[in-house]
Amino acid sequence: MLRRSRRTLQLVAATTLMVTAATACNAAAKTDASDSASGSSGTSFTLVTPDAVGQNEFLKLAVTGVKAAAKTHDGTEKVYESTDTASQQQNVQAAVDASPNVIVLVGFEFADIVAQQAKAHPKQQFLMIDACTTKTFTNVTCAVFREHEGVYLAGAEAGLLSKSGKVGAVDVLDTPQFRRYSDPFAAGAKKVAAKTSASTRFVGGQSPFDDSARAKEQASSLLSKGTDQIMAAAAAGNYGVFEAAKAKGAFAYGVDVNQCVSSPGTVVDNVIKKTDVAVEKGVEQVLAGKTGTSVSYGLKEGGISLTGLEAGVDSSKCVIAQHKDVLAKVKALRDQIVAGELKVDDPAAG
């Protein structure tokens, strides 16, 4: 299961779940068994994840990235897998105590902790992936993603595939950051099919990131009005969206990683984030002394893509693999965006 896809949506500190002080000395924390931190004089890297890696492809890519960085610099890597709020703080503290060259952290959950640690340890370098601290620190470098570019391409696929001329999105909350997963979807669909109509529903409620039932209800509402292509940006609720789409014979689009495998025949494609690319490039930036900045990764940098645009699409179980003609048109749009000929509006800009 995805890390509830919350980091998917790149919340900044203003919308994070505040991290509380960890007092449990037995908080669950796991160190990667492949840790090779001893016996080397090379550069050292420590990765801290917000959840257990397991089969989470998003986090597995981050591990791949830090291992690649260690190999490139003849160094060592250590991975701390968190399981809850307490272990997140415990693991960051353990990483700081070890004083590696770079501490890499994935997810907005670490924003407050990193801000505190960066101030207390100005010589320690931190690299945040898919999030950033509210305040700028010279020893905190951030790598974020231009998700809206990939969402736009997914929207183009929806516009080309829709038979009803109606597309929609189920989003977590009605905020500019989350609208990166709905507004560009509509824009992409209308780019290729001008008469397409688009609607968005928001999960909201007490647990917007984890409410599959509410997400399913919102998807069903769209489907009842004729929508046949839905962008699922409901975090853990994506599975509810997929269920609703499958029941109606409609189609959905996933996020972060290949979610087609969870609902083959229903999920058309996915907007994926390549955390390995962000980690590797971010580490190089830090080691080059270009710290204290935030760099975004989109289609041009290879940080954002679609499953349909990657090698292996034929075995991805994604519906888009059956539509080579659609992929050809989407590739042309991607090339225009990469070349700067087509600009995708970012709902979170400004």
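Here are some short exercises, with worked solutions, on the predicted model shown above.

**Exercise 1. The open sheet**

Work out which strands stand at the edges of the open sheet, and what that leaves on one side of each.

*Solution.*
Step 1: Write down the order of the 6 strands, which is β8-β7-β9-β10-β11-β13, with mixed pairing.
Step 2: Look at the two ends of that order. β8 (197-202) and β13 (304-306) each have a single partner strand, so one side of each has no neighbour in the sheet.
Step 3: Add the twist, which averages 20° from one strand to the next.

**Exercise 2. A strand pair and a helix**

Find in which sense β7 and β8 pair, and which helix lies across them.

*Solution.*
Step 1: Take strand β7 (residues 166-171). Its pairing with β8 is parallel and covers 6 bridges.
Step 2: Pick out one bridge as an example: Val167 has Ala198, in β8, as its partner.
Step 3: Now bring in the helix. α6 (residues 212-224) lies across β7, β8 and β9 (229-233), and runs at about 165° to β7.

**Exercise 3. Helix α4**

Compare the span of helix α4 with the expected one, then decide how far the rest of the structure encloses this helix.

*Solution.*
Step 1: Helix α4 (residues 147-161) has 15 residues, and from its first C-alpha to its last it reaches 21 Å.
Step 2: At 1.5 Å a residue, 21 Å is expected, so the two values are close.
Step 3: For burial, the cut-off is under 20% relative accessible area. Of the 15 residues of α4, 14 are buried, so the helix is largely enclosed by the rest of the structure.

**Exercise 4. The disulfides**

Identify the disulfides, their handedness and the places they link.

*Solution.*
Step 1: Count sulfur pairs within 2.5 Å. That gives 2 disulfides.
Step 2: In the pair Cys132 and Cys142, the sulfur atoms are 2.1 Å apart. The torsion about their S-S bond is about 70°, so this disulfide is right-handed. Cys132 sits in the loop between β5 (125-129) and β6 (140-145), while Cys142 is in strand β6.
Step 3: Check their exposure. Cys132, at 22% relative accessibility, is partly exposed, whereas Cys142, at 1%, is buried.
Step 4: In the pair Cys260 and Cys318, the sulfur atoms are 2.0 Å apart. Here the torsion is about 95°, so this disulfide is right-handed. Cys260 lies in the loop between β10 (251-256) and β11 (267-273), and Cys318 in the loop between β13 and α9 (324-338), so the pair ties together parts 58 residues apart in sequence. Both Cys260 and Cys318 are buried.
Step 5: Number the bonded cysteines in sequence order, and the pairing reads 1-2, 3-4.

Conventions
Residues are numbered from 1 along each chain as its sequence is written. This is a predicted model: local features need pLDDT of at least 70, side-chain atom pairs count only at pLDDT 80 or more; totals for chains, interfaces and linings use all residues. Side-chain values use heavy atoms; hydrogens and water are left out. Two strands pair if DSSP finds at least two bridges between them. Helices (H or I, at least four residues) and strands (E, at least two) are DSSP runs, numbered from the N terminus. Axes are lines fitted to C-alpha atoms, for helices over the stretch in contact, and angles run from 0 to 180 degrees between N-to-C directions. Contact means heavy atoms within 4.5 Å. Buried means under 20% relative accessible area, exposed over 50%, partly exposed in between (1.4 Å probe, protein chains only).
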